[in-house]
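Trainee: Please pick one part of this model and take me through it slowly, then show me how other parts look beside it. I work at the bench, so plain words are welcome.

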Amino acid sequence: MGFFDFWTEDIAIDLGTANTLIIHDGKVVIDSPSIVARDRTTGKIIATGRDASLMQGKTHENIKTIRPLKDGVIADFQASEEMIKEFVKSIPSIKKKVFAPSLRMVICIPSGITEVEKRAVRDSAIHMNAKEIYLIYEPMAAAIGVGIDIMEPRGNMIIDIGGGTTEIAVIALAGIVCDKSVKVAGDLFTNDIMYYMRTQHNLHVGETTAEKIKIQIGAATEDLETPPDDMLVQGRDLLSGKPKQVQVSYREIAKALDKSILRIEDAVMECLSSTPPELAADIYNTGIYMAGGGSMLRGLDKRLSRKTDLPVYIAEDPLRAVVRGTGIALKELEKYKSVLLS
Ligand SMILES: Nc1ncnc2c1ncn2[C@@H]1O[C@H](COP(=O)(O)OP(=O)(O)OP(=O)(O)O)[C@@H](O)[C@H]1O
């Protein structure tokens with residue numbers, strides 16, 4: 001270990017549209033919604049992560065909640081930098097330090113990201129005192145995170161359904177052979193539910209409530225083997241303006257999400273049809289792996305399996321697969337150098 005290594009901390013970041021996760025010393029030390037709350041009069045950030053997320057939809061005119069990432073990329077640079085700084089500062093072993101350490105970072109990025117967007121991620125890391133920065137594509141990180149040996153001469157398909165994007169990739173010999181990134185994921189599912197409640201029940205529900213509906217009774221198909229019970233949903237009646245409650249079934253939510261899921265199905269089929277035949281033969285044997293929070297939507301694995309005639313497996317801890325893979329790449333930098341963009 002060099003002298004200056006005492007001042008260097010290694011961190012792996014999954015900077016997601018919905019959640020930011022950080023691994024430090026081999027452990028997940030931050031797992032928090034990607035949200036900040038800003039005081040409009042002073043311009044200062046007054047809450048970050050979970051605290052800011054509790055304020056969402058309940059703020060007055062002096063407070064604004066911001067989600068700094070949109071569709072997997074940084075949309076508000078200042079807010080995103082301040083958010084990551086707060087997260088890094090709150091890591092217990094870094095908090096104890098008198099001087100801010102310099103950082104060696106591996107950050108994962110969507111595969112459909114542009115050069116300008118990559119530059120923005122790098123610049124943000126530099127402003128945070130990062131002296132070594134590596135970027136890794138999300139599907140690659142997800143594949144490592146679910147335990148796929150990406151170095152092998154064997155094709156594997158991975159689908160990462162996050163908050164802003166769904167990334168589909170075929171990986172072999174440590175490279176992405178073909179990929180497809182669509183802006184259809186958890187956030188759009190939530191919007192679909194808000195729209196459905198407005199148009200079918202005349203009920204205006206907020207984003208937080210719509211996300212709760214998605215998690216509690218959301219489904220990708222109307223024929224679930226073990227369906228969840230109906231849910232009572234409260235919101236504001238669009239006609240009378242009064243608070244109102246309605247009962248909603250998973251079948252209704254499956255209908256509400258159908259169009260978005262069709263778009264994911266199409267993207268998967270497109271990726272499969274551009275896969276070279278030898279790799280397609282491998283995928284026939286290995287099946288498809290899914291990661292990301294969106295992959296937990298009930299029945300989505302079955303629906304994709306029916307569509308592709310392939311077995312579909314969901315990662316053990318889908319919300320953490322990407323950060324786990326990013327953390328492994330950080331730990332074994334030499335081994336994974338060929339998949340890291342420096
Ligand atoms: N049980 C569940 N069922 C359906 N969706 C879920 C469930 N749990 C979490 N989600 C959704 O998963 C999404 C977040 O997933 P994840 O943390 O993987 O995304 P992200 O990495 O922040 O996004 P991106 O990769 O697009 O930048 C959210 O939209 C959330 O509502």
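Mentor: Helices here are DSSP runs of H or I with at least four residues, strands are runs of E with at least two, and both are numbered from the N terminus. With that in hand, let us start at cysteine 271, which sits in helix α8, residues 250–273. The model is a predicted one, so local features need pLDDT of at least 70 and side-chain atom pairs count only at pLDDT 80 or more, while totals for chains, interfaces and linings use all residues. Residues are numbered from 1 along each chain as its sequence is written. The chain has a mean pLDDT of 94, with 98% of its residues at 70 or more (pLDDT is the predictor's confidence in each residue, from 0 to 100). The scores for the model are ipTM 0.99 and pTM 0.93.

Back to our cysteine. Cysteine 271 counts as buried because it has 21 C-beta neighbours inside 10 Å (20 or more other C-beta atoms within 10 Å make a residue buried, 12 or fewer exposed, and anything in between partly exposed, with C-beta atoms placed from the backbone). Beyond its neighbours within four places in sequence, cysteine 271 is in contact with Ile168, Val170, Cys178, Asp179 and Lys180 (contact means backbone-placed C-beta atoms within 7 Å). Valine 177 is 94 residues from cysteine 271 along the chain, yet their C-alpha atoms are separated by 9.9 Å. Ile168 and Val170, two of the contacts of cysteine 271, bring us to strand β12 (166–172), and the loop between β11 (156–161) and β12 holds threonine 165.

Threonine 165 is buried because 28 other C-beta atoms lie within 10 Å. Leaving out residues up to four places away in sequence, threonine 165 touches Asp71, Gly72, Pro110, Ser181, Val182, Lys183 and Ala185. The UniProt record, an unreviewed entry, includes Thr165 in its "binding site" feature, along with Thr17, Ala18, Asn19, Gly163, Gly164, Glu211, Lys212, Ile213 and Lys214. Such annotations may be inferred rather than shown by experiment.

Lysine 214, also listed there, lies in helix α7. With 23 other C-beta atoms within 10 Å, lysine 214 is buried too. Among residues over four places away in sequence, lysine 214 touches Phe189, Thr190 and Ile193.

Now for the ligand. There are 23 residues around the ligand, and Gly16, Ala18, Gly162, Gly186 and Gly293 come nearest (a residue is near if its backbone-placed C-beta atom lies within 6 Å of the molecule). Two elements, α6 (186–201) and α7 (207–217), give two or more residues to this shell. Helix α7 gives the most, three residues.

Finally, some strands to compare with the helices. β14, β15 and β16 form an open sheet of three strands in that order, with antiparallel pairing (strands pair if DSSP finds at least two bridges between them). Its edge strands, β14 (203–204) and β16 (243–248), each pair on one side only. Two bridges join β14 to β15, residues 231–237, and histidine 204 stands opposite arginine 236 in β15. Elsewhere, β4 (36–39) and β5 (45–48) pair in the antiparallel sense over three bridges. There alanine 37 stands opposite alanine 47 in β5. Five residues lie between the strands of this hairpin, where glycine 43 takes a positive phi near 80 degrees.
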